[in-house]
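The exercises below are to be worked with the sequence and the coordinates at hand. Each task is followed by a solution in steps.

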Amino acid sequence: MKHSVPFLDLQGITLRHQAEISAAVQQVMASGWYLNGESLRHFESKFARYCDAQQCVGVANGLDAITLTLMALKQMRGWADNAEVILPAHTFVATALAVSRAGLQPVFCDVSAGDYLMQASTAASCITPNTCALLPVHLYGKMCNMNEIMHLAEEHGLEVVEDAAQAHGAEHQGRKAGTWGAAAAYSFYPGKNLGAMGDAGAVVTRDTELADRIRTLANYGATQKYHHQYLGINSRMDEIQAAILSVKLDFLDADNAHRRKIASIYAQHIQHPEVLLPYSGETSTSVFHVYPIFCECRDALQSHLQQCGISTLVHYPIPVHKQKAYDHLPDSKYPVSERLSDTELSLPISPILTDDQALCVCDAVNSFGCI
Ligand SMILES: *Cc1c(COP(=O)(O)O)cnc(C)c1O
């Protein structure tokens with residue numbers, strides 16, 4: 001009995017809601033109104049309510065959501081060009097690119113070996129007189145310890161922007177991203193826990209003034225039509241994506257619950273002396289965008305699983321500070337992040353992965369002979 005297990009079956013995930021999505025798209029098409037309309041307003045208020053934040057600004061993608069938040073804070077707080085933003089070295093490159101695009105300086109900090117996330121104690125050692133903000137990333141679906149990060153920020157008068165691109169629905173102490181720092185940036189890239197059928201992103205915040213500034217900057221810096229107060233950009237979530245996301249948001253909690261069930265099957269059934277499972281101390285708070293395992297012979301394990309018909313990915317093979325694009329930054333060592341890049345392997349996990357498929361993945365991992 002040999003199944004093939006894809007890493008992510010986006011077609012299957014989408015087609016569960018084919019009728020509702022078709023009706024939503026049809027409605028936008030018939031309305032003749034394709035940008036900045038009712039569907040966007042509706043999704044913004046629905047997602048703000050879901051996050052328990054007052055404001056949500058729909059934008060074109062997750063990278064823009066982080067960039068626009070930093071651009072707005074830079075203007076509002078009068079940060080200098082190249083003021084420093086502290087972010088984890090172990091993240092997707094977009095987190096750092098947003099800092100650079102906002103005219104600020106990325107300063108990497110190593111992540112915790114326990115949960116692979118940015119920690120207040122490590123970030124503290126990166127603070128200089130030029131630091132303006134902390135940019136924690138809720139990687140793999142698990143929120144950072146925001147309580148400690150907010151304490152550190154308050155102590156030093158820093159802003160906190162959360163990269164929540166992988167953490168739709170995740171909570172820390174019962175609070176979602178966007179209710180802790182100044183704002184949280186979400187991505188609705190198709191493969192995310194809440195995914196559009198194209199690009200989309202959003203900023204969630206409780207700060208009305210910040211939300212207004214982001215909205216303005218995303219609309220060519222215009223406070224009213226043809227009156228351009230700032231050097232803005234064009235970053236819009238279109239009506240079709242907003243309508244699709246409103247349909248899918250209703251299923252996010254159930255989808256996340258399913259991901260947690262798959263994660264518990266992995267935690268229970270994977271038993272291999274060479275394979276480390278993700279930190280399980282507080283797995284209940286993770287929404288498992290990714291299920292990461294760690295193995296010294298990662299590449300051999302990946303080929304073994306591929307031979308068993310199981311597709312996996314690596315998140316991420318090259319740490320951000322080692323990317324060519326960041327050659328110009330001072331050379332530093334981030335040992336935990338570098339080890340994670342060498343040993344991490346992401347197992348299939350999704351709202352439609354079956355228990356049988358998950359058990360088949362466990363058997364395949366358990367049968368690996370590490371040479
Ligand atoms: C996906 C992602 C982004 C960027 O989102 P896009 O919508 O692809 O621009 C940013 N940060 C993290 C951690 C991500 O996973």
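**Exercise 1. Burial of a strand**

How many of the residues of strand 13 (residues 291–295) are buried? State also which way each residue points.

Solution. The model is a predicted one. Step 1: take buried as under 20% relative accessible area. Step 2: by this cut-off, five of the five residues in strand 13 are buried, and the strand is mostly covered. Step 3: sort the residues by direction. Y291, I293 and C295 point one way, while P292 and F294 point the other way. In a regular strand, side chains alternate between the two faces of the sheet. Step 4: combine the two results; the residues pointing either way from strand 13 are all buried.

**Exercise 2. Partners of strand 13**

Identify the strands that pair with strand 13 and give one residue pair for each.

Solution. Step 1: strand 12 (residues 275–276) pairs with strand 13 in the antiparallel sense, over two bridges. Here C295 of strand 13 is the bridge partner of V275. Step 2: strand 14 (residues 344–347) is also antiparallel to strand 13, and this pairing has four bridges. Within it, L347 of strand 14 stands opposite Y291.

**Exercise 3. The seven-stranded sheet**

Give the strand order of the open sheet of seven strands, then examine its edges.

Solution. Step 1: the order is 1-9-8-5-4-2-3, with mixed pairing. Step 2: strand 1 (55–59) and strand 3 (105–109) each have a single partner strand, so they stand at the edges and one side of each lacks a neighbour in the sheet. Step 3: from one strand to the next, the twist averages 25°. Step 4: strand 1 pairs with strand 9 (residues 201–205) in the antiparallel sense over five bridges, and V57 has V203 as its bridge partner in strand 9. Step 5: add the helices. Helix 3 (residues 38–51) packs on the sheet and touches strand 1, strand 8 (183–187) and strand 9, at about 130° to the direction of strand 1. Helix 8 (residues 208–218) also touches strand 1, strand 8 and strand 9, but its direction makes about 15° with that of strand 1.

**Exercise 4. The largest pocket**

Describe the volume and lining of the largest pocket.

Solution. Step 1: the space in the largest pocket is about 680 Å³. Step 2: its lining has 30 residues, and F92, Y189, K192, H289 and Y316 lie nearest the centre. Step 3: by class, the lining comprises 17 nonpolar, nine polar and four charged residues. Step 4: helix 4 (62–77) and helix 5 (94–101) each supply at least two lining residues; helix 4 gives the most, with three.

Technical notes:
Residues numbered from 1 in each chain as written. Predicted model: local features only at pLDDT ≥ 70, side-chain atom pairs only at ≥ 80, totals over all residues. Heavy atoms only, no water. Buried < 20%, exposed > 50% of the residue type's maximum accessible area, 1.4 Å probe, protein only. Pairing = 2+ DSSP bridges. Axes fitted to C-alpha atoms, helices over the stretch in contact; angles between N-to-C directions. Contact = heavy atoms within 4.5 Å. 1 Å grid on protein atoms, 1.4 Å probe; cavity = no way out; pocket = protein on both sides within 12 Å on 5 of 7 lines; lining within 4 Å. Points joined across faces, edges and corners; volume = space filled by probe spheres on them. Nonpolar A, V, L, I, M, F, W, Y, C, P; charged D, E, K, R; others polar.
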